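Please take a moment to look over the sequence and the model before reading on, and keep both in view as you go. The paragraphs below move from the whole chain to single residues.

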Amino acid sequence: LSEQIYRILREDILSQKIPCNARLTLKMLQERFGVSSTPIREALTRLINEQLISYYSNVGVSVVCLTEEDLTEIYRFIGDLDSLAIRYASEHPQQDRLITELSDNLTGTKSCDPESREWKTYSDDFHLIFYKYSRNSRLVHSAEQIRSQLSIAAYQYETIAETKETIFQEHQEIFRHYQSGNMEKAAAQMQLHLSHSLEYAKAWLKEQAFS
């Protein structure tokens with residue numbers, strides 16, 4: 001039950017059905033889900049660990065509020081981590097399998113409905129494949145800790161068709177360099193890709209401020 005509540009609340013936060021800075025109370029959530037406080041507390045604890053919500057003593061729980069400085073730190077850090085994941089993945093002995101997974105990911109991205117949640121999954125998975133083959137649990141853990149906050153902004157700007165096409169093209173470019181064996185160019189292209197994503201995220205934040 002707590003897993004179901006966690007997934008629903010997580011999706012609502014990422015999609016901004018529950019907006020940044022919104023306050024959540026046990027009473028409100030108990031009324032919504034019709035359950036006791038125990039599974040709700042368990043779900044909230046997971047969201048706190050993902051840094052999607054924050055707990056303030058004597059105030060309660062609120063959805064994280066992202067500033068431009070926050071987004072800059074998040075995207076630059078993920079750019080560094082993703083680039084490092086590429087370098088580590090390049091040392092994995094099963095390069096053929098890794099390249100096949102990347103190729104299949106791009107094929108799936110291109111063929112699926114760009115308006116579907118499946119597109120977003122493919123887009124995320126392109127990055128995660130490198131972590132899968134990095135063989136470094138600490139690198140994976142560091143990325144997991146920060147990617148959820150990144151997803152709040154990404155969920156919004158990835159609804160724009162032009163932005164989606166640019167993201168896909170940049171993924172193709174990263175793959176082209178990686179497949180050709182030029183790992184440093186692939187890593188540099190990944191950082192450039194995240195710097196562009198940061199600009200999309202900042203634009204979304206500005207729209208929020210004026211809405």
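What follows is a walk through this structure, from its overall build to a few of its residues.

The model shown here is a predicted one, and a good place to begin is with its regular elements. The chain has nine helices and three strands, and when they are read from the N terminus on, they come in the order α-β-α-α-β-β-α-α-α-α-α-α. The radius of gyration of the chain is 18 Å, close to the 17 Å that the globule rule gives for 211 residues, and therefore the chain is as compact as a globular protein of that length. If a box is drawn along the principal axes, the C-alpha atoms of the chain fill roughly 55 × 40 × 30 Å.

How much of the chain is buried? Of the 211 residues, 48% count as buried, while the area that the chain exposes comes to about 11200 Å², with carbon and sulfur atoms supplying 49% of it. The contacts tell us about the fold as well: among those between residues at least 6 apart in sequence, 76% join residues at least 24 apart. As for charge, the chain carries 23 positive and 30 negative side chains, and the centres of these two sets lie 4 Å apart.

The cysteines are worth a separate look. The structure holds zero disulfides, and Cys20 shows the reasoning in one case: its sulfur is 6.1 Å from the closest cysteine sulfur, which belongs to Cys65, and this is too far for a bond because a disulfide needs the two sulfur atoms within 2.5 Å. Another cysteine, Cys112, has a relative accessibility of 10% and so counts as buried.

The backbone offers its own details. Most residues other than glycine have a negative phi. Asn21, however, has a positive phi of about 80° although it is not a glycine. This residue sits in the loop between helix H1 (2-14) and strand S1 (23-24), and since its relative accessibility is 52%, Asn21 counts as exposed. Gln51 likewise has a positive phi, near 65°, and its place is the loop between helix H3 (37-49) and strand S2 (53-56). With a relative accessibility of 31%, Gln51 counts as partly exposed.

We can now turn to two residues that lie within helices. Trp119 belongs to helix H6 (residues 117-132), and its relative accessibility of 4% means that it counts as buried, the cut-off being under 20%. Which residues does Trp119 touch, not counting those up to four places away in sequence? They are Thr109, Cys112, Asp113, Pro114, Glu158, Lys164 and Ile167, so that the buried Cys112 appears here again as a partner of Trp119. The C-alpha atoms of Trp119 and Phe168 are separated by 10 Å, although the two residues are 49 residues apart along the chain.

Leu106 lies in helix H5 (residues 95-111) and is buried as well, with a relative accessible area of 10%. Leaving aside residues up to four places away in sequence, Leu106 touches Phe126, Phe168, His171, Gln172 and Phe175. By contrast, the C-alpha atoms of Leu106 and Ile40, which are 66 residues apart along the chain, are separated by 37 Å.

Definitions and conventions. Residues numbered from 1 in each chain as written. Predicted model: local features only at pLDDT ≥ 70, side-chain atom pairs only at ≥ 80, totals over all residues. Heavy atoms only, no water. Helix = DSSP H or I, 4+ residues; strand = E, 2+ residues; numbered from the N terminus. Rg over C-alpha atoms; globule rule 2.2 N^0.38 Å. Buried < 20%, exposed > 50% of the residue type's maximum accessible area, 1.4 Å probe, protein only. Contact = heavy atoms within 4.5 Å. Areas by Shrake-Rupley, 256 points an atom, 1.4 Å probe, with all protein chains shown as cover. Lys, Arg positive; Asp, Glu negative; His and termini not counted. Charge placed at Lys NZ, Arg CZ, Asp CG, Glu CD.
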